Amino acid sequence: MIDYHLHLWEHPDKAVEFTIDTLAQYCQKAESLGIKQIAITEHFHRFKQSTDWLGNFWTKFDDADLYQSMEGYFDHHATYDIEDYLNVAIEAKNAGLPIVVGLEMDYFKDSMHFLNEKLRQYPFDVILGSVHWLKNWRFDDLYDKVSMKVWDSSDLENIWLNYCYHMEELSSSASCDVLAHPDLIKVNANLIKDSAVITEFNTRIAESANKYDLAAEVSSAGFRKPVNEQYPSIDLLSLFLKNDVPITTASDAHKISDIGFRFESIKTLIRDFNVHKLATFKNRKRQFVDV
Ligand SMILES: [Zn+2]
Ligand SMILES: [Zn+2]
């Protein structure tokens, strides 16, 4: 197995210095679970380059409460230097630790081409693509009361299809290699019931992954959330595989103890689907390893 989605800092924490020893501990924990390779994939918005490059992008959208919430979020998160992050990770790689160096990138409307150009200047092995917000609405930020209130006041099907549209836009932007937690919109178990809408949602995401040659992760992170199941759902996973979309496995851990979280369930699931190879990445090029 591989764990291709790991963070260094928990969200409430400020980004603090980390060293090659931190990454050695990540590798040790992974190895103890039989995980052969890990990807360090910190959020792009953890780095001050996100606001240096994009400016106060949240000012483009007009809901005052969400606007302020997003401003506070970036103020808290966007503090570390992406070059310091890369230097430590590359040092660890050069020392022989079984890591690849990655980033988890959000979808920023109208800015992806610009961000691609910027990020291509850095030696990343893999970039995960994620949708965590729709305009300024951080729909998965369960601790943000302002964001959670939006769930009560909006039409569920519209929300799901809007998320789906953002995933298609992200896929077509050529900015990432793997779709992270592909149906994250189900995070707090606000599920839609209309099977035709669910089928449309799943089909569009799977087909766009295929069209733009992206892999998709099977993530255990959903077991730590109200939805209490892996991302993607069984139906979406099935469609990814029908569309020849390669798979990675991921815990989305934000601390060492969550590395490889619930990987027995994930392993059983992918074996049931006859997945025998997992996608890995080096210098943004895809390879495969045995499960
Ligand atoms: Zn994420
Ligand atoms: Zn993540």
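This short presentation goes from the overall shape of the protein to its sheet, then to one central strand and the core around it.

Good morning. Please keep in mind that the model under discussion is predicted.

I begin with the overall picture. The protein has 10 helices and 9 strands. Its radius of gyration is 18 Å, close to the 19 Å that the globule rule gives for 291 residues, so the protein is as compact as a globular protein of that length. Taken along the principal axes, the C-alpha atoms fill a box of roughly 50 × 45 × 30 Å. Of the 291 residues, 41% count as buried. As for the contact map, consider the contacts with a separation of 6 or more: residues 24 or more positions apart account for 80% of them.

I turn now to the sheet. Seven strands form an open sheet in the order β1-β2-β3-β4-β5-β6-β7, and the pairing is parallel. β1 (2-6) and β7 (247-250) stand at the edges with a single partner strand each, so one side of each is left without a neighbour in the sheet. Helix α4, residues 82-94, lies across β2 (37-43) and β3, and runs at about 150° to β3.

Let us look more closely at β4, which spans residues 126-130. On one side, β4 pairs with β3 (residues 99-106) in the parallel sense over 5 bridges, and Gly-102 stands opposite Val-126. Together with helix α5, residues 112-119, these two strands make a right-handed β-α-β unit. β4 is also joined by 2 bridges to β5, residues 178-179, again running parallel; here Gly-129 has Leu-179 as its bridge partner.

How many residues of β4 are buried? The count is 5 of 5. In general, side chains in a regular strand alternate between the two faces of the sheet. In β4, Val-126, Leu-128 and Ser-130 point one way, Ile-127 and Gly-129 point the other way, and all are buried.

Finally, the core. Nonpolar side chains tend to be buried together in soluble globular proteins. In this model, the largest nonpolar core has 77 residues, and those with the most contacts inside it are Ile-40, Ile-99, Val-178, Ala-216 and Phe-240. Which residues does Val-178 contact, leaving aside its neighbours within four places in sequence? Among them are Val-126, Leu-128 and Gly-129, which belong to β4. Further contacts of Val-178 include Tyr-4, Leu-214, Ala-215, Ala-216 and Thr-248. Of these, Ala-216 is itself one of the residues with the most contacts inside the core.

Thank you.

Definitions and conventions: Residues numbered from 1 in each chain as written. Chains lettered and ligands numbered in written order. Predicted model: local features only at pLDDT ≥ 70, side-chain atom pairs only at ≥ 80, totals over all residues. Core = buried A, V, L, I, M, F, W, Y, C linked by C-beta atoms within 7 Å. Buried ≥ 20, exposed ≤ 12 C-beta atoms within 10 Å, placed from the backbone. Contact = placed C-beta atoms within 7 Å. Helix = DSSP H or I, 4+ residues; strand = E, 2+ residues; numbered from the N terminus. Pairing = 2+ DSSP bridges. Right-handed = clockwise from strand over helix to strand, strands pointing away. Rg over C-alpha atoms; globule rule 2.2 N^0.38 Å. Axes fitted to C-alpha atoms, helices over the stretch in contact; angles between N-to-C directions.
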